[in-house]
Amino acid sequence: MSGAGKVVCVTGASGYIASWLVKLLLQRGYTVKATVRNLNDLNKVAHLKEFEGAEERLHLFEANLIEDGSFDSAVHGCEGVFHTASPAFLETTNPQAELIEPAVKGTLNVLKSCSKESSVRRVVLTSSVAAVTFNFRSKGPEVIVDETWFSDPVFCEEIKSWYCLSKTLAEEAAWKFSEENGIDLVVINPGYTIGPLLQPTLNYTSEAFLNLIKGKGGFPSYRFVDVRDVAQAHILGFEKPSASGRYLLVERSLTCSEALEILQKIYPSMDVPKIPAGDPTYKVCNKRAQDLGIIFTPFEVSLKDMIESLKERILLS
């Protein structure tokens, strides 16, 4: 267990990716200081306490993204900090207050706490493909996107994609602050994350895919990755001395119709909506992630595991 004797912090620990990250860190022997917004919300903390090793090595802290100094106590004494906490939803009536400010100010608050702690040797930030591909560049089927791509805030504003804007501005702020304050920062940019749930409630990506299955619409195309691979990439991003920069995590690029066709093959009896075939979508280079050590879970496995997880929680009839 390479994490034995090491203390790390995970912000937003009750989230989809973060829950898996906490679980895997505990399995590797780490002591985990995990932050949530409300310690009394059983939907947020109960499943975390059930993980193997949680009783001995999981310590929960209450923290708020927009409160200055809120993460000081959680970060204190940590060797690594995984900042996953950030609002994730598409519809908003006040994007500045509900998405942008918590994402950007929250990231800076966590990094400020890290800058006060000499024990912190690396910060791993959960960003998104949303901070990579939303720009004015051509994206035909012959295009391959890699880590040199960055989303354009002007483009995000023009198309009113406030979530993408929040992730783009938060990552920009993280790089600037880290460079100015000597923080060793590694950024993980996952695509559309699917796979089994650990938390009892639906997260954004699972709910959106559930709506797609129910014929309530979806995106024209997707860049898919398994939640377990994303959590593993965070750990490798911290543990590997050579890790640096950004890591795009995408197992496969599929149109909406292609994803549903695969779902129908796995579950022939499921009433899957039929939609017109979409235009071929651009690809994403995952070489850096593979070099980091990620062996990607096939989309078919991720999809089946997510569907079975939704069934277990009686979220999919």
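**Helix packing and aromatic pairs in the predicted model**

Helices α10 and α12 are roughly perpendicular to each other. In this predicted model, α10 spans residues 256-266 and α12 spans residues 299-312, and the two pack at an angle of about 65° with their axes 10 Å apart. The angle falls in the roughly perpendicular class because that class runs from 65 to 115 degrees. The crossing of α10 and α12 is right-handed. On the α10 side, the contact involves Ala259, Ile262, Leu263 and Ile266; on the α12 side, Phe299, Glu300, Leu303, Lys304 and Ile307 take part.

A second packed pair is formed by helix α1 (residues 16-27) and helix α9 (residues 227-239), for which the angle is about 60° and the distance between axes 9 Å. Helix α1 is therefore oblique to α9. The crossing is again described as right-handed. Residues Tyr16, Ile17, Trp20, Leu21, Leu24 and Leu25 of α1 meet Val227, Arg228, Val230, Ala231, Gln232, His234 and Ile235 of α9.

Helix α5 (residues 95-115) packs with helix α7 (residues 162-181) at an angle of about 20°, with their axes 9 Å apart. This arrangement makes α5 roughly parallel to α7, and α5 passes α7 in a right-handed crossing. The α5 side of the contact consists of Pro95, Leu99, Ile100, Ala103, Val104, Thr107, Leu108, Leu111, Lys112 and Ser115. From α7, the contributing residues are Trp162, Tyr163, Leu165, Ser166, Leu169, Ala170, Ala173, Ala174, Phe177 and Ser178.

Helix α8 (residues 204-213) is mostly covered, with 7 of its 10 residues buried. The buried positions are Thr205, Ser206, Ala208, Phe209, Leu210, Leu212 and Ile213. These residues pack against helices α1, α10 and α12 and against strands β8 (192-194) and β9 (221-226). Just after α8, Gly215 adopts a positive phi of about 80°.

Aromatic contacts were examined next. The structure holds 12 aromatic pairs. One of them joins Phe136 and Phe155 in an edge-to-face arrangement, at 5.0 Å centre to centre and with 80° between the planes. This pair links distant parts of the chain, 19 residues apart: Phe136 lies in the loop between β5 (122-126) and β6 (144-145), whereas Phe155 belongs to helix α6 (residues 153-158). The two partners differ in burial class, since Phe136 is exposed at a relative accessible area of 51% and Phe155 is buried at 18%. The rings of Phe219 and Tyr222 have centres 5.6 Å apart and planes at 70°, so this pair is also edge-to-face. Phe219 counts as partly exposed, with 30% relative accessibility, while Tyr222 is buried at a relative accessible area of 2%.

Phe219 and Tyr222 also belong to a cluster in which ring pairs link them with Tyr192, Phe209, Phe224 and Phe299. Within this cluster, Phe209 is one of the buried residues of α8, and Phe299 is among the α12 residues that meet α10.

Charged side chains also lie over aromatic rings. The charged end of Arg121 sits over the ring of Phe238, 4.3 Å from the ring centre. Lys139 lies over the face of Phe155, at 5.7 Å from the ring centre. Phe155 thus combines this contact with Lys139 and the edge-to-face pairing with Phe136.

How values were computed:
Residues are numbered from 1 along each chain as its sequence is written. Side-chain values use heavy atoms; hydrogens and water are left out. Rings of Phe, Tyr and Trp (its six-membered ring) pair if their centres lie within 6.5 Å; planes under 30 degrees apart count as stacked, over 60 as edge-to-face and the rest as tilted. Helices (H or I, at least four residues) and strands (E, at least two) are DSSP runs, numbered from the N terminus. Buried means under 20% relative accessible area, exposed over 50%, partly exposed in between (1.4 Å probe, protein chains only). A charge sits over a ring if NZ of Lys or CZ of Arg is within 6 Å of the ring centre and within 35 degrees of the ring normal. Axes are lines fitted to C-alpha atoms, for helices over the stretch in contact, and angles run from 0 to 180 degrees between N-to-C directions. Angles under 35 degrees count as roughly parallel, over 145 as roughly antiparallel, 65 to 115 as roughly perpendicular and the rest as oblique. A crossing is left-handed if the near helix is turned anticlockwise from the far one by less than a right angle, and right-handed if clockwise. Contact means heavy atoms within 4.5 Å.
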